[in-house]
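Q: I'd like a close look at a single part of this protein, with enough of its surroundings to place it. Here's the structure I mean.

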Amino acid sequence: MLELRQLCYEDLSEGMSETLTKHVSASDIVGFAEVSGDRNPIHLSEHFAARTPFRTRIAHGLYTASLISALLGTRLPGPGAIYLSQTLNFKAPVRIGDDVTVEVKVAELLPKGNRARLSCICRVGETVVLEGEAMVKVPARGTERDFPGHQS
């Protein structure tokens, strides 16, 4: 689990980035299927997946996207950030056993409404598996909530 870090709008600068790496396990895929209700057999059945172009089970695309959400909600900008929008372009599959590295980078700061546009890229090795942009509303200094890990 990532340690919580809350940044306020005033703490952000363009180019600032944060990463996380997650090892994808079979239990992650099963758990995501249970939580989301997406029981597509390409994610859950080795027999079914063997007959697809991927030849094996793959992670849900939104499982990979949820790793972006984890980074936004815990580290950059962290607790208090409000997700406004997210684009997702899926480029390649994520398989059980892969290590997915997620990078979120501040692409633009928009003072009106304390918004930040963030570039989001997920990779397995050198292969980009997902890319997109997120728009988040970030708390201004003095409006953030106290919690363990808050940085002033």
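How many aromatic pairs does the structure hold? Please take me through the part of the chain that goes with that, and then out into the rest of the fold.

A: Just 1 aromatic pair turns up in the structure. Phe32 and Tyr63 make it: their ring centres sit 5.9 Å apart with the planes at 80°, and since over 60 degrees counts as edge-to-face, that's the label the pair gets. The pair ties together distant parts of the chain, with Phe32 in helix α1 (residues 26-36), Tyr63 in helix α4 (residues 61-74), and the two positions 31 residues apart. Both Phe32 and Tyr63 are buried. Keep in mind that this is a predicted model, so every number here is computed from predicted coordinates.

Now for helix α1 itself. Its buried residues are Asp28, Ile29, Phe32 and Ala33. These four cover an arc of only 135° around the axis, so they lie on the same side of α1. Look at the face turned away from that buried side and you'll find the exposed residues Ser27, Glu34 and Val35. What do the buried residues of α1 pack against? The answer is β1, α2 (41-44) and α4. Helix α4 thus comes up twice: it packs against the buried residues of α1, and it carries Tyr63, the ring partner of Phe32.

The two ends of α1 are worth a glance too. Ahead of the helix, Ser25 is found in the loop between β1 and α1. Is Ser25 buried or exposed? Neither, quite: its relative accessible area is 22%, and buried means under 20%, so Ser25 counts as partly exposed. If you want a distance to check in your viewer, the C-alpha atoms of Ser25 and Ala59 are separated by 9.1 Å, though these residues are 34 apart along the chain. At the other end, just after α1, Gly37 takes a positive phi of about 85°.

From here you can follow β1 out into the strands. Strand β1 (residues 17-23) is joined to strand β4 (residues 99-110) by 7 bridges, and the two run antiparallel. One spot to pick out is Thr19, which stands opposite Glu103 in β4. Strand β4 also runs antiparallel to β5, joined by 10 bridges, with Val102 opposite Cys122 in β5. The hairpin of β4 and β5 has 4 residues between the strands, and Gly113 takes a positive phi near 85° there.

Carry on to the next strand. Strand β5 (residues 115-124) pairs with β6 in the antiparallel sense over 10 bridges. Arg115 has Lys137 as its bridge partner in β6. These two strands form a hairpin as well, with 2 residues between them, and Gly125 in the turn has a positive phi of about 65°.

Strand β6 has other partners. Strand β2 (residues 82-86) pairs with β6 (residues 127-137) in the antiparallel sense over 4 bridges, and Ile82 stands opposite Lys137. So Lys137 is a handy residue to select: Arg115 is its bridge partner from β5, and Ile82 stands opposite it from β2. Strand β3 (residues 89-90) also pairs with β6, antiparallel, over 2 bridges. There, Phe90 has Leu130 as its bridge partner.

Stepping back to the protein as a whole, there are 4 helices and 6 strands, in the order β-α-α-α-α-β-β-β-β-β along the sequence. The C-alpha trace spans about 55 × 25 × 25 Å along its principal axes. Of the 152 residues, 39% are buried. Among contacts with a separation of 6 or more, 68% involve residues 24 or more positions apart. The accessible surface comes to about 8,200 Å², and 53% of that belongs to carbon and sulfur atoms.

As for annotation, UniProt places a "domain: MaoC-like" feature at residues 20-108, in an unreviewed entry. Over residues 20-108 the chain is 37% helix and 24% strand, with the end C-alpha atoms 21 Å apart.

Conventions
Residues are numbered from 1 along each chain as its sequence is written. This is a predicted model: local features need pLDDT of at least 70, side-chain atom pairs count only at pLDDT 80 or more; totals for chains, interfaces and linings use all residues. Side-chain values use heavy atoms; hydrogens and water are left out. Rings of Phe, Tyr and Trp (its six-membered ring) pair if their centres lie within 6.5 Å; planes under 30 degrees apart count as stacked, over 60 as edge-to-face and the rest as tilted. Buried means under 20% relative accessible area, exposed over 50%, partly exposed in between (1.4 Å probe, protein chains only). UniProt positions are given in the numbering used here, feature names are shortened, and annotations may be inferred rather than shown by experiment. Contact means heavy atoms within 4.5 Å. Accessible areas come from the Shrake-Rupley method with a 1.4 Å probe; for residues, only the protein chains shown count as cover. The arc is that of the directions from the helix axis to the C-beta atoms.
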